[in-house]
Amino acid sequence: MSNKLHINRGHLLAQLKQMVRIRRFEEKCAELYSQQKIRGFLHLYIGEEAIAVGAMAALDKDDQIVATYREHGHALARGLAMGPVMAEMYGKINGCSRGRGGSMHLFDKEKHFFGGNAIVGGGLPLATGLAMANKQQKRSAIAVCFFGEGAVAEGEFHESLNLAALWQLPVLYICENNRYAMGTALQYSESEMNISKKAESYGLQVSQIDGMNVVDVEAAVRKAAEVVRDSQQPYLLECLTYRFRGHSSFDGQLYRDKAEVSEWEEKGPVKRLVRWLTEYNHFSAAEMEQIEQQVEAEIAEAVAFAEAGEWEPVEDLCKDVYSPAPSGGAA
């Protein structure tokens, strides 16, 4: 795979549509959550779409993806069909995890999407283990792990990076640094706020980029993935970004000023790419309207798919939870 990024109008329009898909899907999920059709927790990715879209465009189909509990965008960008993802949000058996995972545990074996994890930082050791298996079995695939800056305070971050460097494992860690872990600004929880420096101290190759620019993200991930694949050693990419919604649906967002959010929304990945296309690529309002209509139709179809799905029968609720009882008597 070449790390040269060949940009053309068609590719940029495809990236824009992917980001709009994620944005509108999540806005719909927020609406359905308020109607109590989606239950449990709901962590939205709005504002960070450029990272998932740019990264997935740069990875191979056999690479293994481990995401966070804010993983709707990663799943859609990876190619999971919107219908089964929405059905999973509903908890229906036609969901991508058969309704067992919900918002925080999307999964698709065929897409090598190992999904989210409700535990902060929980995906880091999983990706490190996948990378170890790839190395031992001499696979060309690499493990790719997305996590937020809040996970840096967890032991899993330090243990995983240390072992990945010590054992020279082919894993790409992508930190989505959105500046606020739940309600705590990074400046109040970390004496060293440059996460790349932390990773570098363990011996990893690192880069820090603008996570609000989908072109920059794709170029950086393409380069980082090639380094990991060729060197069989770990790499950390820190994407500086900003989520526009709260940590979860229960977040009152009292810890940040509304003017700050508004300022970042103007620098958001969707608006940014639209402005660039309009200025340099003769992008028209009609083209944007066409994208919006296509996405709206896809979302309507996904909601219908979820609504038509069935609930798991009560008698099957313990299925696959416990190991089968051993046959025969005790030894």
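Two strands are taken as paired if DSSP finds at least two bridges between them. Helices (H or I, at least four residues) and strands (E, at least two) are DSSP runs, numbered from the N terminus.

## Basis of the description

The structure is a predicted model, in which local features need pLDDT of at least 70 and side-chain atom pairs count only at pLDDT 80 or more, while totals for chains, interfaces and linings use all residues. Residues are numbered from 1 along each chain as its sequence is written, and side-chain values use heavy atoms, with hydrogens and water left out.

## The parallel sheet

Strands of a sheet pair through backbone hydrogen bonds, either parallel or antiparallel. In this model, an open sheet is formed by 5 strands with parallel pairing, and their order is β1-β2-β3-β7-β6. The edges are occupied by β1 (64-66) and β6 (205-210); each has a single partner strand, so one side of each is left without a neighbour in the sheet. On average, and with direction ignored, neighbouring strands of this sheet are turned by 15 degrees against each other. Such angles refer to axes, which are lines fitted to C-alpha atoms (for helices over the stretch in contact), and run from 0 to 180 degrees between N-to-C directions.

Strand β2 (residues 143-148) is joined to strand β3 (residues 171-177) by 6 bridges, and the two run parallel. Within this pair, Gly 148 stands opposite Glu 176 in β3. β3 also pairs with β7 in the parallel sense, over 6 bridges, and here Glu 176 stands opposite Cys 239 in β7. Glu 176 thus faces Gly 148 and Cys 239. Between β6 and β7, which run parallel, there are 6 bridges, with Val 206 opposite Leu 236 in β7. Of the 6 residues of β7, 5 are buried, where buried means under 20% relative accessible area, exposed over 50%, and partly exposed in between (1.4 Å probe, protein chains only).

## Helix α8 and its partner α2

Helix α8 (residues 214-231) packs on the sheet and touches β3, β6 and β7 (235-240). The direction of α8 makes about 170 degrees with that of β6. Contact here means heavy atoms within 4.5 Å.

Two packed helices are described by the angle between their axes and the distance between the axes. For helix α2 (residues 49-58) and α8, the angle is about 40 degrees and the axes are 8 Å apart. The two helices are therefore oblique to each other; angles under 35 degrees count as roughly parallel, over 145 as roughly antiparallel, 65 to 115 as roughly perpendicular and the rest as oblique. The crossing of α2 and α8 is right-handed; a crossing is left-handed if the near helix is turned anticlockwise from the far one by less than a right angle, and right-handed if clockwise. On the α2 side, the contact includes Ala 50, Ile 51, Val 53 and Gly 54, and on the α8 side Val 214, Val 217 and Glu 218 are among the residues involved. By class, the contact of α2 with α8 comprises 9 nonpolar, 1 polar and 2 charged residues. Ala, Val, Leu, Ile, Met, Phe, Trp, Tyr, Cys and Pro count as nonpolar, Asp, Glu, Lys and Arg as charged, and the others, Gly among them, as polar.

## Helix α1

Helix α1 (residues 9-34) packs against helix α10 (residues 269-280) at an angle of about 150 degrees, the axes lying 10 Å apart. α1 and α10 are therefore roughly antiparallel to each other, and their crossing is left-handed. Residues of α1 in this contact include Leu 12, Leu 16 and Arg 23, which belong to a set that meets residues of α10 including Pro 269, Leu 273 and Trp 276. The contact of α1 with α10 has 11 nonpolar, no polar and 1 charged residues.

Gln 15 also lies in α1. With a relative accessibility of 6%, Gln 15 counts as buried. Apart from its neighbours within four places in sequence, Gln 15 is in contact with Val 53, Gly 54, Ala 57, Val 214 and Glu 218.

## Helix α4 and the segment after α11

Helix α4 (residues 82-90) is mostly covered, with 8 of its 9 residues buried. Among the buried residues are Met 82, Gly 83, Glu 88 and Tyr 90, and their cover includes α1, α3 (72-78) and α11 (285-308). Gly 91 follows α4 and has a positive phi, near 85 degrees.

Glu 310 is placed in the segment after α11 and is exposed, with a relative accessible area of 54%. Its C-alpha is 7.2 Å from that of Asn 94, although the two residues are 216 apart in sequence. Neighbours within four places in sequence aside, Glu 310 is in contact with Lys 92 and Ile 93.
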